[in-house]
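Here is a short tour of a protein model, written for someone who likes to look at the atoms. Please take a look at the chain before reading on.

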Amino acid sequence: MAAFLLLLARRQAPIPVLALAVLGEVAFTVLASYPSRALKLAALIAVYTVARTVRRRTALFASLGTALALYAVLTWVADSAFSPEADVVFAWTGMFAAVGGTVRTWHDYVAAMEERALRAEESKEEEARRRVAEERLRIARELHDVIAHHIALITIQAGVAGRFLRGRPDQAEVALGHIREAGRTVLDELGPLLHVLRQPGDEAEPTEPVPGLSRLGGLLESLAAAGLSVRHRQAGHPLPLPTAIDLTAYRVVQEGLTNAHKHGATAETDLLVDYRPDELRIRITNPLHSGPYPASAATGTGHGLAGMRERVKAVGGSLNAEVDADGCFRLAVRLPLPLPPAGPPADNGTSDRSGTDLPAHIVEGRQG
């Protein structure tokens, strides 16, 4: 019974179990003057486990040592070097060791084949992704060529139409026809290219308008429902923004306020949207928890800040993130705006979201 209980731990400690089984067989044989078949069988099973699990050199020495120990004790009990039971010890030990080694080799072969198949599948997927990326790059170049060619054609024809609009309206009409044809052509060519560039699972057509600062009220209400109180202030006179600038401004405010809600030490955050004639400025200020986040916020290593910085850079703007001495995180964004056409000066007053005047230091900073 003790021999088979010992075998329960053979997978966790094969060498110690083999040593204990051999020592038990030797001790029992010396004390009882006859061998124990159970202990001998336990030793042979331990030899099989050692040959299957440990390194081949270690298994070879362990098997040889087991055979010599059993042979020595059996010949000592039989008082003869040619005992039949002692002579078959080497054969039995070698057979169990060979079976264990064969099983080990088979398992190693199966594991190697599985690993090779897995690597082949991964390399196939990587190759497919590489080919898709190359094809997308080629399509992007074609897209650039198509847009550049037709936009240049439209620009030239628009100049011709403007020159002949008063004196030769027939020629202007011909130029406008070329513009319409070029616009129709570029739309027809862009459709298939943009369809190819869509990711799997993308909707065929957008189901809602592109978000902008006009939807800022809804965003603030959703954050207020989540527990973040935003002190929203607005400086300058709101201007119609280009779609790319409007979308970038909305996404920056959305990501900045979300980060403030996650990492802020309090549930209050300041948001300033400053409309200037040549640029749009956005500033978000919130106190931070004491911890590892302020350092990453200051250096801009977070994924959210990296994404915002890429968005802002794509439209020609700049982003600055820093933590001041008071432990407040400040996110400042500047987005360029096209110069407005000449006309009467716009009212450049300051107002907050409810129509009240801004604090004096905000007004002074705006005038400066």
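What follows covers confidence, the nonpolar cores and one residue in a helix.

Keep in mind that this is a predicted model. The mean pLDDT of the protein chain is 76, and 74% of its residues reach 70 or more. Two stretches fall under 50, as the table shows.

| Stretch | pLDDT | Contacts beyond near neighbours in sequence |
|---|---|---|
| Residues 292-302 | under 50 | 18 contacts |
| Residues 343-368 | below 50 | 42 contacts |

Where pLDDT is low, the predicted coordinates should not be read in detail.

Now to the cores. The largest nonpolar core has 31 residues, and Leu257, Leu271, Leu280, Ile282, Leu331 and Val333 have the most contacts inside it. At least two residues each come from helices H8 (216-225), H9 (243-263) and H11 (303-314), and likewise from strands S2 (268-275), S3 (279-287), S4 (318-323) and S5 (328-336). H9 gives the largest share, six residues.

For a closer view, pick Leu331: leaving aside residues up to four places away in sequence, Leu331 touches Val252, Gly256, Ile282, Arg283, Ile284, Leu305, Met308, Leu319, Asn320 and Ala321. There is also a second, separate core of 15 residues, with Leu44, Ala51, Ala59 and Ala97 among them.

Is Ala32 buried, partly exposed or exposed? Ala32 is partly exposed, because its relative accessible area of 27% lies between the 20% and 50% cut-offs. Ala32 belongs to helix H2 (residues 14-32). Its C-alpha atom is separated by 9.5 Å from that of Val77, a residue 45 places apart from Ala32 along the chain.

Definitions and conventions
Residues are numbered from 1 along each chain as its sequence is written. This is a predicted model: local features need pLDDT of at least 70, side-chain atom pairs count only at pLDDT 80 or more; totals for chains, interfaces and linings use all residues. Side-chain values use heavy atoms; hydrogens and water are left out. A nonpolar core is a set of buried Ala, Val, Leu, Ile, Met, Phe, Trp, Tyr and Cys residues joined through side-chain atoms within 4.5 Å. Buried means under 20% relative accessible area, exposed over 50%, partly exposed in between (1.4 Å probe, protein chains only). Helices (H or I, at least four residues) and strands (E, at least two) are DSSP runs, numbered from the N terminus. Contact means heavy atoms within 4.5 Å. pLDDT is the predictor's confidence in each residue, from 0 to 100.
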